[in-house]
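Here's a quick briefing to read with the model open on your screen. Take a look at the fold first, then go through the notes below.

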Amino acid sequence: MARRTRAEMLDETRRKLLASARAAFAAKGFHETSMDDLTSAVGLTRGALYHHFGDKTGLFAAVVDQIDAEMAQRARSLAAAEDTLWRALLAEGGAYIEMALDAEVQRIVLRDGPAVLGDPARWPSQNRCLDATREAVTQLLSEGVLRAVDIEAASRLLNGAALNAALWIASCDDPAAVLPKAQEAFRMLAEGLLAETVREAGA
C-alpha cells in the first residue's frame, strides 16, 4: 500500500476534527463543549486542533461555514427544478428558511453562530450567498423581470429577509407553526420587486 503524503494526513486530521466538532457542537452547544470533547473522540491532541484551526472558536467557525455552505447547496439544488430564474430565486430563499427546522442547523448556525461569531452578514458563507443573489438580481433586472431597483440594496434585503426568517424560526417556541408565516412573508416581500407587467402576468 502506498504511503500517504503529509498533505493527505493533514487533510484527514482536519476532516476528523470537523466531524468530531460538528457532532459535539450539535449535541452540547458551543459553550458546553470542551476541548477534550473535540479531540479525544477521534484520537487527536489539542495541538492538532491549534495547528489547523487556531482555537475552539476557529474550529467552530469552520463548522458553521461547512454547514452553511451545505445549506446553500441544498437550496440551489431544490431551486434548479424551477422553470424560471425568478421562481428559482424564491424557491432558494424558501428552502433556506425551511432548513431552520433542522436541529443541527438551529443550534450551530442560527443560535450559537451569531452568539459566538457575531453578525452573520459578515460570515464568508453568507457573503457567498449574497454574491449568488446579486448575480440573479442583476440578470432579472436586465431581463425586465424586476422594476428599476438598486442591485446591491435588493440583493442584501432579499438575503437578509431569508436569514432573519431562519433566525426567527430557530429562536421561537413553535418553529413548525412559524415556518409558513415566514415563508409567505418572504414571498410577498420579494414579489414587491417585480415589474408591474410581470406581476400582472402572474410570475
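How many helices and how many strands does the protein chain have? The protein chain has 10 helices and zero strands. Keep in mind that this is a predicted model. The rest of the briefing goes from the overall layout to the place where the two domains meet, and ends with what the UniProt record marks.

**Overall layout**
- Reading along the sequence, you get the pattern α-α-α-α-α-α-α-α-α-α.
- Along the principal axes, the C-alpha atoms of the protein chain fill a box of roughly 60 × 45 × 30 Å.
- The domain assignment splits the protein chain into domain 1, residues 1-54, and domain 2, residues 63-200.
- Measuring between C-alpha centres is a handy way to place the two: domain 1 and domain 2 lie 31 Å apart.

**Where the domains meet**
- On the domain 1 side, 10 residues are in contact with nine residues of domain 2.
- About 870 Å² is buried between domain 1 and domain 2, and carbon and sulfur atoms give 56% of that area.
- Three residues to click on are Leu18, Arg22 and Phe30: they supply 60% of the area that domain 1 buries against domain 2, more than any other three residues.
- Six residue pairs are in polar contact between domain 1 and domain 2, counting pairs with both residues at pLDDT 80 or more.
- The side of domain 1 that touches domain 2 is made up of six nonpolar, two polar and two charged residues.

**Salt bridges**
- Between domain 1 and domain 2 the count is two salt bridges.
- Arginine 22 and glutamate 70 meet through their side chains in a salt bridge, at 2.7 Å from N to O.
- Searching the whole structure turns up 13 salt bridges.
- Why does the pair of arginine 22 and glutamate 70 tie together parts that are 48 residues apart in sequence? Arginine 22 sits in helix 1 (residues 6-28) while glutamate 70 sits in helix 4 (residues 56-79), so the pair links those parts.

**What the UniProt record marks**
- An unreviewed UniProt entry carries the annotation "domain: HTH tetR-type" over residues 11-71.
- Over residues 11-71 the chain is 77% helix and 0% strand, with the end C-alpha atoms 23 Å apart.
- The unreviewed entry also has the annotation "DNA-binding region", covering residues 34-53.
- Residues 34-53 are 65% helix and 0% strand, and their end C-alpha atoms lie 15 Å apart.

Technical notes
Residues numbered from 1 in each chain as written. Predicted model: local features only at pLDDT ≥ 70, side-chain atom pairs only at ≥ 80, totals over all residues. Heavy atoms only, no water. Domains from an automatic or database assignment. Contact = heavy atoms within 4.5 Å. Buried area = accessible area lost by both parts, 1.4 Å probe. Salt bridge = Lys/Arg side-chain N within 4 Å of Asp/Glu carboxyl O. Polar contact = N/O pair within 3.5 Å; in protein donor to acceptor, adjacent residues only side chain to side chain. Nonpolar A, V, L, I, M, F, W, Y, C, P; charged D, E, K, R; others polar. UniProt positions renumbered as here; feature names shortened; annotations may be inferred. Helix = DSSP H or I, 4+ residues; strand = E, 2+ residues; numbered from the N terminus.
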